[in-house]
Amino acid sequence: MASITVVGSVNRDVVLQVRGLPRPGETVHAVGSREGLGGKGANQAVAAARLGGGAGGAHGGHSAHKAHRVRLAAKVGADAQDILASLEKDGVDTRWVVTADRTRTGLALITVDEAGENTIVLDGGANQELTVADLPPELGTSGDVLMVQGEIPPEVTGAAVARAAAQGVTVILNPAPAYAFGDDVLKRVDVLVPNLGELCTLLGAPVPATRGELEDLLAAQVLPAGALVVTLGADGAIVVDSQGTTHIPAPRVTAVDTVGAGDTFCGALADSLARGRPLRTAAERAVLAAALSVTGVGAQSAMPTAADVDRFAQQVDQFAQQQENTR
C-alpha cells in the first residue's frame, strides 16, 4: 500500500460558538466554547489516517480497508505532547515532527455561527519556524502521495513539492491560505485543491457570482498544475483535468460545524489517490467525506472513518433511489 506524507501545520484550536459572526467593529457574546486540536497539516494527516484504516485507538481501522502509512512532517512547541499523543492514537506517524526550542505550538482562534459557517484567525507559532532542513530526505516513491498547504513558510512548501516531484511522488497542494505560488512550484503539482476564494486569489480574479461566471473563469484559468479540484462547500466540487470539467454535487446535510471540512476533503482525496483510484472517483469520495464531517462538532473530532463514509454513501444512494422511484 502506498504511503501518504503530509508536510504542514499543527495548531491548538480555540472555538467560540456564536449566533452570528461579528461584523467589523462589533462585539458579540459567545454561547459556548471549546478547545481542540487542529492545523491544516495535522487535520489532513488525521483525515487520511482514519480513512486509510491506520488508526489504533478509539477511531480504529476497518479490515475492509487495508491500512496505509500516514506520516506528518511539522514543527511544534514543547507544549505539544498531548497533541502528538492524539495524532499517534489516530495512526499518524509523528517521527518527523520536530520541536521548537522557545516557541509555542500554533494557535487558531475560530468563531462558528449557528449555520456552521466560520472565521479563523491564526497565530502560526512554531509552524513559522519549520525549515527546509527539517524535511525528511525521502518523501516517498512512485505511487506515494505528498500533501502540502499554505500554513507553513512558502520556501518549505516549495522545497517539499520539488523534492517529492523528483522522487516520483504524486503531489497535492492545498493553497490555504492562498498566496502567490510561483509557476516553478505549481508546474510540479499533480493536483491543486483550492476553495473558490483561494482559486480567485491565485488567479487575481473576483469571486464569480454565478455558475456561468465560474465556468468562464475555469475555462480561462492558466494555472500550470496537472489537475485542479475546486471545493465549493455545500455545492460539492469541480474537477478540471485532461478529460474536461466535471461538477460533483454534495449530498444535502444539516451542517453543525464546517471547521475542518476542507481538510477532510483533502485527506480523503489523498487516501483515494494512494489507493490508485482515478481523480474523479477520488473527488466523489472526498465530497462524501467532507459532507459527513460537517454533521459533527470540531475538526479532527468529526472526521469520519472509511466505514463511516461507506455507510453514508449507501444512505445517499438509497435516498437518491427513493427520490427517483417517487417521480
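Helix axes are here lines fitted to C-alpha atoms over the stretch in contact, and the angles run from 0 to 180 degrees between N-to-C directions. With that convention, this predicted model can be followed from one helix pair to the next, and then into its largest pocket.

Helices α1 and α7 pack at an angle of about 50°, with their axes 8 Å apart. Angles from 65 to 115 degrees count as roughly perpendicular and those under 35 as roughly parallel, and α1 and α7 are therefore oblique to each other. Their crossing is right-handed. On the α1 side the contact is formed by K40, N43, Q44, A47, A48 and L51, which meet D263, T264, C266, G267, A268 and D271 of α7. This contact of α1 with α7 is mixed in class, with 5 nonpolar, 4 polar and 3 charged residues.

Helix α7 also packs against α8, where the two axes come within 8 Å and cross at roughly 145°; this crossing, too, is right-handed. From α7 the residues involved are A261, T264, F265, A268, L269, S272 and L273, while α8 contributes L279, A282, A283, R285, A286, V287, A289, A290 and S293. By class, the contact of α7 with α8 holds 12 nonpolar, 3 polar and 1 charged residues. Two residues of α7, T264 and A268, appear in the contact with α1 and again in the contact with α8.

A further helix pair is formed by α5, residues 196-203, and α6, residues 211-220, whose axes come within 12 Å and cross at roughly 45°. At that angle α5 and α6 are therefore oblique to each other, and their crossing is left-handed. The contact joins L196, L199, C200 and L203 of α5 to L214, L217 and L218 of α6, and its residues divide into 7 nonpolar, no polar and no charged.

The helices α1, α7 and α8 return in the description of the largest pocket, which holds about 1200 Å³ of space. Of the 42 residues that line this pocket, N118, N195, T258, A261 and G262 are the closest to its centre. Two or more lining residues come from each of β2 (11-17), α1 (40-51), β6 (106-112), β7 (118-123), α7 (261-274) and α8 (279-293), and α7 supplies the largest share, 5 residues. A261, one of the residues closest to the pocket centre, is also one of the α7 residues in the contact with α8. Taken by class, the lining of the largest pocket has 23 nonpolar, 12 polar and 7 charged residues.

One feature of the backbone remains to be pointed out. The peptide bond that joins A176 and P177 is cis, with omega at about -5°, and P177 is found in the loop between β9 (170-174) and α4 (183-186).

Key
Residues are numbered from 1 along each chain as its sequence is written. This is a predicted model: local features need pLDDT of at least 70, side-chain atom pairs count only at pLDDT 80 or more; totals for chains, interfaces and linings use all residues. Side-chain values use heavy atoms; hydrogens and water are left out. On a 1 Å grid over the protein atoms alone, a cavity is a set of points where a 1.4 Å probe fits but cannot get out, and a pocket is an open set with protein on both sides within 12 Å along at least five of seven lines; lining residues have an atom within 4 Å of a point. Grid points are joined across faces, edges and corners, and a volume is the space filled by probe spheres set on the points. Helices (H or I, at least four residues) and strands (E, at least two) are DSSP runs, numbered from the N terminus. Ala, Val, Leu, Ile, Met, Phe, Trp, Tyr, Cys and Pro count as nonpolar, Asp, Glu, Lys and Arg as charged, and the others, Gly among them, as polar. Angles under 35 degrees count as roughly parallel, over 145 as roughly antiparallel, 65 to 115 as roughly perpendicular and the rest as oblique. A crossing is left-handed if the near helix is turned anticlockwise from the far one by less than a right angle, and right-handed if clockwise. Contact means heavy atoms within 4.5 Å.
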